[in-house]
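Work through the exercises below with the sequence and the model open side by side. Each task is followed by a solution in steps.

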Amino acid sequence: MNSNHKKRNFQIEAFKHKVVVDPKYADKTWRLLEHAINEIYNHNASGLSFEELYRNAYNMVLHKFGEKLYTGLVSTMTRHLTSMSKSIEDTHGEMFLEELNNKWTDHNKALQMIRDILMYMDRTYVPSSHKTPVHELGLNLWRDNVIHLTGIQTRLQNTLLQLIHSERTGQIINRGLMRNIVKMLTDLGPSVYQSDLETPFLEVSAGFYRVESQDFIECCECGDYLQKAERRLNEEIDRVSHYLDSRTKIKITNVVEKEMIANHMTRLVHMENSGLVNMLVNDKYDDLKRIYNLFHRVPHGLDTIREVMTSYLRDTGKNLVTDPEKLKDPVEFVQSLLNEKDKFDKIIGFSFNNDKSFQNSLNSSFEFFINLNPRSPEFISLFVDDKLKKGLKGVSEEDVEIILDKVMMLFRYLQEKDLFEKYYKQHLAKRLLSGKDSSDDAEKSLVLKLKTECGYQFTSKLEGMFTDIKTSQDTVHGFYSTHGSELVTGPILTVQVLTTGSWPSQPGATCNLPTELTSICEKFKSYYLGTHTGRRLTWQTNMGTAEIKATFGKSQKHELTVSTYQMCVLMLFNKSDRLTYKDIEQTTEIPSVDLKRCLQSMACVKGKNVIRKEPMSKEIMESDVFFVNEKFVGKFYKVKIGTVVAAAVKEEPEKMETRQRVEEDRKPQIEAAVVRIMKARRVLDHNNVIAEVIQQLQSRFLANPGEIKKRIESLIERDFLERDGSDRKLYRYLA
């Protein structure tokens, strides 16, 4: 290619010949287009050439006759719509809507074809001259010349509302036709739909449901009323989905909710023999689910249900924990609490959608009434004791875990967790020492749960008890391995060596063991102290058990399971036929209270009376004389003789002693909390110290403000704290 080639410049010149337009061109062309529009409205469009008509409209706009075309279109469409409106007005009865729908369909079809013909005008002339586009123009003309005619507008509104009323009263209506008419109103613009149908529809609906709800509530029970309200609500939602505008849904449901639910909430929940309390008492889960779902829709609805439920639950719980009959049986007492918890867990889970606010109310209610009974910690421990001793035999591991989790749930509600720990420790000790555990795994599982809940400090001593039992087994095995040949003929000794700090403190009362046991006990003591330096052994004879073989009469043989005290008493009768109370007391040196209970168990309990006394009575007197019951015959070869439980009056000092020990244990914990807080804050006023101590200790117990004040005074005396010189309510930490 030649790079030196010169570029040529092109120039477009103006058309030299002037185009002359026929003066009558615009009128002729418009007449053609007007005729076409008339034919379209008269359903004769099949013979028209839309290409030719489009070209004519195109040329009119091109030759600056857009205004003539637009105004002509308006007048022609108006004329046809006026004719249509006359036809609609003249229609009577049920055909009114049919005719309106037919004419609307005709107008829409015509409008589509007209818009196609005038597309060029729509794209160029209309935007430049700020006119309304053809389709929108057609809708506006339909609105002004048909829908908003006085004779049609009111009639249309009344007809639509009457049809909706008929449907509400159970009649069947033409939903397809309704849908078309409503769509027409929405196509004409949101304001038309709202003013011509939605607003009056909502007003009429409010009146309808106001009257109906009043009629229902006078004659229906709560459950039936709620079913009717739910059905009405669903009907309105269904109505919107079939033929009303979707934006009406929230408005009409608000109307139904206000008139049928919100206005009657209080009366419904308190309705006699059928309200919320009745549903809770009779486990009406479906009705409860319905009331929750309906009340959830209105302001403060759930608050109303929750308040009634909480009030009922607190009253029921209060009656339960103060019921004298329930207090007689700790296991039944705790089982009643668990049953009540299960019941409300199911209600909240199934009926109340696991609503957190209801769960919180349930928890706060249980915490309220379970702590009204000061013996709740003891009873929960006794429940665990019963289950772990005998109640879990044959129960699967999963079910055991469920029971333990329920116990832990009640434990969390306790304010005096340290009191539970004290009782649990005592009961666990008895179970471990008597070998009555139904499941060692279950015991350890519960301790692990307590550890997770309260920390290592809470369970360290409990874990130490398990360690002692395991170590004791190894120790006894080692003892017999070393001295086995010497002990072939004597009694078999099983020893539990307990670490003093880990086990509940027991009164150190000892007794004189039979000579048959003394030598083997001394041998064990020598063996143990020889293998463990720096330790001291003290025999806890009040905690032991024994199995002895006895022959009554000439040939009646039994194996008796007794306490160590009982064993000591029975062995005396190998050497004497008759013994006085004083003889037994002096020989054994068993404490008087324990000895009387021990003798009562063996002489006064039917079926267990291996000894007899003179004179015969239910109480043990110091003047009584005892001898072997030669005629004793047990139902089984093995006979277990328990120890008579002390009367309730005698138990009270023991309970008071346990509580006093707990109170004493709390004092150093309160002092430690005060010191921790003051060390961090350096200076703090009295009220804030009290509040923070309660907060810190609430995981173990609810600290008493009066006791906290005493502990603060004690710390001041010991120079841990001092009062501020100018403000006595202000404390300062002394390093």
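**Exercise 1.** Find the partner of Glu 671 in a salt bridge, and state which parts of the chain the pair ties together.

Solution. Step 1: the side chain of Glu 671 meets that of Arg 718, N to O, at 2.6 Å. This satisfies the criterion for a salt bridge, a side-chain nitrogen of Lys or Arg within 4 Å of a carboxyl oxygen of Asp or Glu. Step 2: Glu 671 belongs to helix H28 (residues 648-681), whereas Arg 718 sits in the loop between helix H30 (705-717) and strand S8 (721-723), so the bridge ties together parts 47 residues apart in sequence. Helices (H or I, at least four residues) and strands (E, at least two) are DSSP runs, numbered from the N terminus. Step 3: Glu 671 has a relative accessible area of 13% and is buried, while Arg 718, at 40%, is partly exposed. The classes are buried under 20%, exposed over 50% and partly exposed in between (1.4 Å probe, protein chains only).

The model is predicted: local features need pLDDT of at least 70, side-chain atom pairs count only at pLDDT 80 or more, and totals for chains, interfaces and linings use all residues. Residues are numbered from 1 along each chain as its sequence is written, and side-chain values use heavy atoms, with hydrogens and water left out.

**Exercise 2.** How many salt bridges does a search of the whole structure find? Describe the pairs Glu 218 with Arg 267 and Asp 303 with Arg 306.

Solution. Step 1: the search gives 46 salt bridges. Step 2: one of them joins Glu 218 to Arg 267, with 3.3 Å from N to O. The two residues are 49 apart, Glu 218 in helix H9 (residues 190-219) and Arg 267 in helix H12 (residues 265-269), so distant parts of the chain are linked. Glu 218 is exposed at 52% relative accessibility, and Arg 267 is partly exposed at 40%. Step 3: in the bridge between Asp 303 and Arg 306, the closest N and O atoms are 2.4 Å apart. Both residues are in helix H15 (residues 301-321), and because they are three residues apart, about one helical turn separates them. An α-helix has 3.6 residues a turn, so residues three or four places apart point the same way. Asp 303 is partly exposed at 30%, but Arg 306 is buried at 17%.

**Exercise 3.** Compare the expected span of helix H7 with the distance between its end C-alpha atoms, then describe how H3 crosses H7.

Solution. Step 1: H7 (residues 150-168) has 19 residues. The expected span is 1.5 Å times one less than the number of residues, which gives 27 Å; the end C-alpha atoms are 28 Å apart, in agreement. Step 2: among the buried residues of H7 are Ile 152, Leu 156, Glu 167 and Arg 168. Step 3: the axes of H3 (residues 66-89) and H7 come within 10 Å and cross at roughly 50°. Here axes are lines fitted to C-alpha atoms, for helices over the stretch in contact, and angles run from 0 to 180 degrees between N-to-C directions. H3 is therefore oblique to H7, a class left over once angles under 35 degrees (roughly parallel), over 145 (roughly antiparallel) and 65 to 115 (roughly perpendicular) are set aside. Step 4: Ser 85, Ile 88 and Glu 89 of H3 make the contact with Gly 151, Ile 152 and Arg 155 of H7, where contact means heavy atoms within 4.5 Å.
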